[in-house]
Amino acid sequence: MSLLSSSRFVRLDPSQLGLPLAPVAQCAVEFGGHLYVGTGRIGAGDLDIPARILRRDPEGHWHIVLETPEVDSGKLAPFADRQLPMAVHYAQRERLARSAHFLDTGYVSMAVFKGKDDPAPALYVATLSVGGGRLLRSVDGEIFRPVCEPGMGNPGILGFAALTVFGDRLYVAASGSVSDGIVDRQQAGACLIYCSDNPVAGLWAPATEPGFGDEGNGAVTCLHAGDGHLYAGTSNRERGYQLWRAVDGASLPLQWERLIVDGAYGFTSNPVATAIATFDGSLYVASGTDGAGYDNASDVGPSAIELIRLSPTGEWELIIGQPRFTPSGLKVPLAMMGPGLDDPFNANASALVEWKGALYLGTTQWEAFRALELEENLVGGFQLWASTDGTEWHAVLDEGGGAPSCVSITALYPTETQLWATTANYAVLLELMAQLGNHRVPSAQSKNFALLLGH
Amino acid sequence: MPEPLFILCPPRSYSSIVCGMLGQHPQCYGLPELNLFLADTLGEAWYGSMFMRSIGKHGLLRSLAELHEVEQTEDSIIRAQEWVDARLHWTIPQVFDHLQECVGDRILIDKSPSTLFRRDALARLLTSFPDASLLHLTRHPRGTGDSVIALREQSAGLKNLNRLAGESERNDPERMWRLSHELVLAMTEHLPLGQYMRLKGEWLMSNLDLYLPQICEWLGIRCDATAIEAMMHPEFSPYAHKGPRNAPLGNDPNFLENPALDHARLARLKEPTLAGELSWRPGGTFDPRTVKLAKQLGYY
């Protein structure tokens, strides 16, 4: 069977696995022979759904190992989500007054790491939490305890993302912000990477100066360890994303070298670096916009996926995207595909990973929202693409694997024999937007995230 | 025959000197401003607006005189006018076909800013030449606006527009800049990959050795040293100097006065900023729509 064949993948719906409703699965990792999946909510129409960590044992049985606790609503101010339409804000506020309040709204990144005081590798989990993002640690996969102050002492930091092991440290990027009752999932409360070689002791330190010294950098959006370097991609809505790299070093912050500026000269059409991967000796960086194609909070976009390839010396080629003249020469997409893999609704490549000799790329495809506006049946949904040489790309799965409201592949996680993909299903948000906008309410088959399992 | 190259930009975007340079490539022919996409036929374009009845027609008259008689004199311009009057029923593509026959297998280059005056003009270009190469040339909105204001100050007839710029949005160069670039982006969005390319004029003018070969590579024409050296001399274009009294213009008046590259000046070329007061609108700053678009084009 070809590496690029859709028949390599099966779709698992949590409801068929006996698991409760959850619209978003954000991350997956293998720990102690089990697969762990972090779930969360979109933030509209699903406020009463708690974030959970799910575990799959080797026999294929699923369990909930952590469900975020309810907290006293008086401790959490009502908030509005800056990335959601204004009408949704108001509906959200009304519902928030009636719904339960949870400590964490999502478990969004996981890594297995052995710090100085860890007797054995432990499972680390990053959260999104309105009271300040948390980092949790578990040695047994059942009991999770925080290893830092909420928001590293800054309650304006909504969460953490991109947990990455590099050298003898665990790195994590601050993600999103909370301020004046507004949650902004895109602009970080601090554009910083934190690291620790001993998380158990709660010893965390910045690995960068804020924003790499550039006020335009709003967040570190992806991290990747490869080829002896730690790579960091940013969001920059003023000039386009940046890519930085550092070698391991004893002193902090690390010494960083900037490789890409101004969104690879796509400027604000390339506002966010969304995923990084090493494949066949080269570095691949995907970009686009976070959210549904258009960043309404910052008025940037619409944008669609671009993909570039860097050599170890930092020279880069355009693989997918808009041809252009640049200070480093004429760039023509080697895949002969324009932004979005020729699909303008492919807003970003939210996941990029090597598995079994191929590079896989999962997209966020927001055409369902457009269909809603046009009063049409839902269409679109995430796409999964793959390439065996990094240049020629083939569609493996599309249309959300049969569920157009399944807008995004949020993470790809390879094990020795399997490739897991987590997804986000926006059915509840689409339904709410339809009701608020007097549109025909779409009939989504499922409101659950799906897991894709590739063999 | 090769497909033509159209340079798309509002006025004051370096288009005269860029067209002059590209037109000196051995495989290209740079035209002055023809302004032909304002109508479907030559007659409608020729007599359809005050602009074309005055300076707008100089470019085509000079082109016809040069290509038909290898000289631009008052007499050859009169005969060019007679040629036009005999062909008022011709479609615009027919006129371009004729010009193409005159220059052989060289790539025709047109840079008429009037193509962006109205949506239907650009639509006409895209319909008439669906496979043409399109170079979208940009310049910082502050630089463009300051240059528009300065040019108007040189003309007794246009000075009044500057006085109205602060009172009437229609005469504000910022609006012209925004509408022109928005139009190009909207109407080229779905073109095949590579048919449309965008370039910051400041980048090109301050680093010709880097960008001229890239443009040649894109167009699929020679990029050897001889070809690049030829492009460094826009002053050798037959349209780089004032024409005879009955058709003196057809290009930016400043370019016609000083067509040679001033390398020292180009080396000092700096991009202005989006922040701050506008010279032509005291107390005013750029509209957020302009700022958004400018950032999309790589300006800050």
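Two strands count as paired here if DSSP finds at least two bridges between them. Keep that rule at hand for the exercises below, which use a predicted model.

**Exercise 1. Work out the strand order of the open sheet in chain B, and find which strands stand at its edges.**

Solution.
- Step 1: Trace the pairings across the sheet. Five strands of chain B line up as E2-E3-E1-E4-E5, and they pair in the parallel sense.
- Step 2: Look at the two ends of that order. Strand E2 (28-30) and strand E5 (196-200) of chain B each have a single partner strand, so one side of each lacks a neighbour in the sheet.
- Step 3: Add the twist, which averages 20° from one strand to the next.

**Exercise 2. Show how strands E1 and E3 of chain B pair, and name the bridge partner of B:Phe6 in E3(B).**

Solution.
- Step 1: Locate the strands: E1 of chain B covers residues 5-8, and E3 of chain B covers residues 107-110.
- Step 2: Apply the cut-off of at least two bridges. E1 and E3 of chain B are joined by two bridges, in the parallel sense.
- Step 3: Pick out one residue pair: B:Phe6 bridges to B:Asp110 in E3(B).

**Exercise 3. Describe the second largest cavity: its volume, and what lines it.**

Solution.
- Step 1: Start with the count, which is two cavities of 30 Å³ or more. The second largest has a volume of about 40 Å³.
- Step 2: Go round its lining, where you will meet, among them, B:Ser16, B:Cys19, B:Gly20, B:Tyr239 and B:Phe255.
- Step 3: Ask which element gives the largest share of this lining. That is helix H1 (residues 15-23) of chain B, with three residues.
- Step 4: Sort the lining of the second largest cavity by class: five residues are nonpolar, five are polar and none is charged.

Technical notes: Residues are numbered from 1 along each chain as its sequence is written. Chains are lettered from A and ligands numbered from 1 in the order in which they are written. This is a predicted model: local features need pLDDT of at least 70, side-chain atom pairs count only at pLDDT 80 or more; totals for chains, interfaces and linings use all residues. Side-chain values use heavy atoms; hydrogens and water are left out. Helices (H or I, at least four residues) and strands (E, at least two) are DSSP runs, numbered from the N terminus. Axes are lines fitted to C-alpha atoms, for helices over the stretch in contact, and angles run from 0 to 180 degrees between N-to-C directions. On a 1 Å grid over the protein atoms alone, a cavity is a set of points where a 1.4 Å probe fits but cannot get out, and a pocket is an open set with protein on both sides within 12 Å along at least five of seven lines; lining residues have an atom within 4 Å of a point. Grid points are joined across faces, edges and corners, and a volume is the space filled by probe spheres set on the points. Ala, Val, Leu, Ile, Met, Phe, Trp, Tyr, Cys and Pro count as nonpolar, Asp, Glu, Lys and Arg as charged, and the others, Gly among them, as polar.
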